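Biologist: Please take a close look at one part of this model and describe in detail how the chain is arranged there. Then place that part within the rest of the fold.

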Amino acid sequence: MLVVCHQCMPVFDSFLSNGPHVTRLSGKHWGTIHSHQSNYYTESTFSDEVIVCSPETSSNLSFLHINARSLTKHYTEILGYISNLNHQFSIIGISESWLNTSNESLYDIPGYTPYISSRSNKKGGGLVIYVKNELNSCTVREDLSTFGDNEFQSLFLEINDLRLDTSPKNKNKNIKLLVALFYRPPGSDMDYFNSKLASTLNILKPKKTKCVIMGDFNIDLFKTDRHGPSKKFPEIMKLYHFFSSNN
């Protein structure tokens with residue numbers, strides 16, 4: 001899933017491709033969200049669709065999320081998938097990396113800088129945000145991230161000095177963007193997760209922080225009519241002006 005903050009995001013085009021989730025951010029029409037049906041694509045048709053809708057320009061950012069279920073096991077496969085796409089994504093989020101401190105340095109993606117949060121108290125989980133080297137002014141927001149919690153993990157990254165709006169009025173205006181990656185394991189306490197998520201987003205609200213959230217939340221949104229915690233999750237997102245780009 002990828003969700004975006006309506007009060008701060010320009011145009012989003014989104015697709016779903018057999019697992020990876022991708023969205024484009026452009027600086028041409030601020031405050032507008034364009035939705036696309038979440039279709040399933042083969043690798044080739046997905047690649048063609050992305051290059052048409054996500055041209056690589058200085059005013060575009062594009063986001064790709066992949067639930068790896070072991071970056072160690074699927075590293076070569078993921079590298080091949082990314083290299084075969086006709087587009088180099090600005091930011092790639094990997095959930096369930098299953099990395100640890102002994103092997104974190106072994107799974108780079110050429111042209112990207114990794115920001116890693118691995119579980120230290122148990123196996124599984126783990127988050128990696130790969131950022132294109134051109135976006136080199138990045139800071140991990142430890143005050144917002146959740147590292148050692150068994151119920152979920154989050155990694156917040158602040159990217160500075162972006163220039164997304166190319167209009168004459170704002171072409172020299174630098175922008176800060178928060179990119180967050182979440183992983184909530186199946187069966188973990190959803191009420192607890194919702195409470196912590198709301199608390200974190202509440203910190204961002206008064207600052208009108210520009211933010212993109214990626215992740216695997218393991219929440220069945222088809223159950224919102226009969227399951228309170230599942231219903232609460234999209235309500236929290238809407239309350240803080242976040243909208244789902246795809247599921």
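Modeller: Arg69 is a convenient starting point, since it sits in the loop that links β4 to α2. The model is a predicted one, and the backbone of Arg69 adopts a positive phi of about 45°, although the residue is not a glycine. Its relative accessibility is 46%, so Arg69 counts as partly exposed; the limit for exposed is over 50%, and that for buried is under 20%.

The strand before this loop is β4, which spans residues 60-67. Of the 8 residues of β4, 7 are buried, so the strand is largely enclosed by the rest of the structure. Ser62 belongs to β4. With a relative accessible area of 2%, Ser62 is buried, because the limit for that class is under 20%.

Strand β4 pairs with β5 in the parallel sense, and the two are joined over 5 bridges. The path between them leaves β4, passes through helix α2 (residues 71-84) and arrives at β5, and this β-α-β crossover is right-handed. Two positions fix the register of the pairing: Leu64 has Ile92 in β5 as its bridge partner, and His65 stands opposite Gly93 in β5. Ile92 can also be related to Ser62: the two residues are 30 apart along the chain, and their C-alpha atoms are separated by 8.6 Å.

Strand β5 itself comprises residues 91-95, and 5 of its 5 residues are buried. In a regular strand, side chains alternate between the two faces of the sheet. In β5, Ile91, Gly93 and Ser95 point one way, whereas Ile92 and Ile94 point the other way. Both sets are buried, so neither direction from β5 leads to a residue classed as exposed, for which the relative accessible area must be over 50%.

Strand β5 has a further partner in β7, residues 127-132. These two strands run antiparallel and are joined by 5 bridges. Gly93 takes part here too, with Ile129 as its bridge partner in β7. Gly93 is thus placed opposite His65 of β4 and is also the partner of Ile129 in β7.

After β5 the chain enters the loop between β5 and β6 (112-117), where Glu96 lies. Glu96 is not a glycine, yet it has a positive phi of about 50°. Its relative accessible area is 6%, so Glu96 is classed as buried, the limit being under 20%. Arg69, by contrast, is partly exposed.

The wider fold can now be set around this part. The protein has 4 helices and 12 strands, and buried residues make up 52% of its 247 residues. Among contacts between residues at least 6 apart in sequence, 68% join residues at least 24 apart.

In soluble globular proteins, nonpolar side chains tend to be buried together. The largest nonpolar core of this model holds 21 residues, and those with the most contacts inside it are Phe182, Phe193, Leu197, Leu201 and Ile213. Two or more residues each come from β10 (175-183), α3 (190-204), β11 (211-216) and α4 (228-239). The greatest contribution is that of α3, with 6 residues. Another core lies apart from this one and has 20 residues, including Tyr115, Leu127, Leu162 and Leu177.

The two helices that contribute to the largest core can be examined in turn. For α3, which has 15 residues, the expected span at 1.5 Å a residue is 21 Å, and the end C-alpha atoms are 21 Å apart, which agrees. Its buried residues are Met190, Phe193, Asn194, Leu197, Ala198, Thr200, Leu201 and Leu204. They cover an arc of only 165° around the axis, which puts them on the same side of α3. An α-helix has 3.6 residues a turn, so residues three or four places apart point the same way.

Helix α4 has 12 residues and reaches 16 Å from its first C-alpha to its last, close to the 16 Å expected at 1.5 Å a residue. Its buried residues are Pro229, Ser230, Phe233, Ile236 and Met237. Because they cover an arc of only 120° around the axis, they lie on the same side of α4. Just after α4, His241 takes a positive phi of about 65°.

Technical notes
Residues numbered from 1 in each chain as written. Predicted model: local features only at pLDDT ≥ 70, side-chain atom pairs only at ≥ 80, totals over all residues. Heavy atoms only, no water. Buried < 20%, exposed > 50% of the residue type's maximum accessible area, 1.4 Å probe, protein only. Pairing = 2+ DSSP bridges. Right-handed = clockwise from strand over helix to strand, strands pointing away. Core = buried A, V, L, I, M, F, W, Y, C linked by side-chain atoms within 4.5 Å. Expected span 1.5 Å × (residues − 1). Arc of directions from axis to C-beta. Contact = heavy atoms within 4.5 Å.
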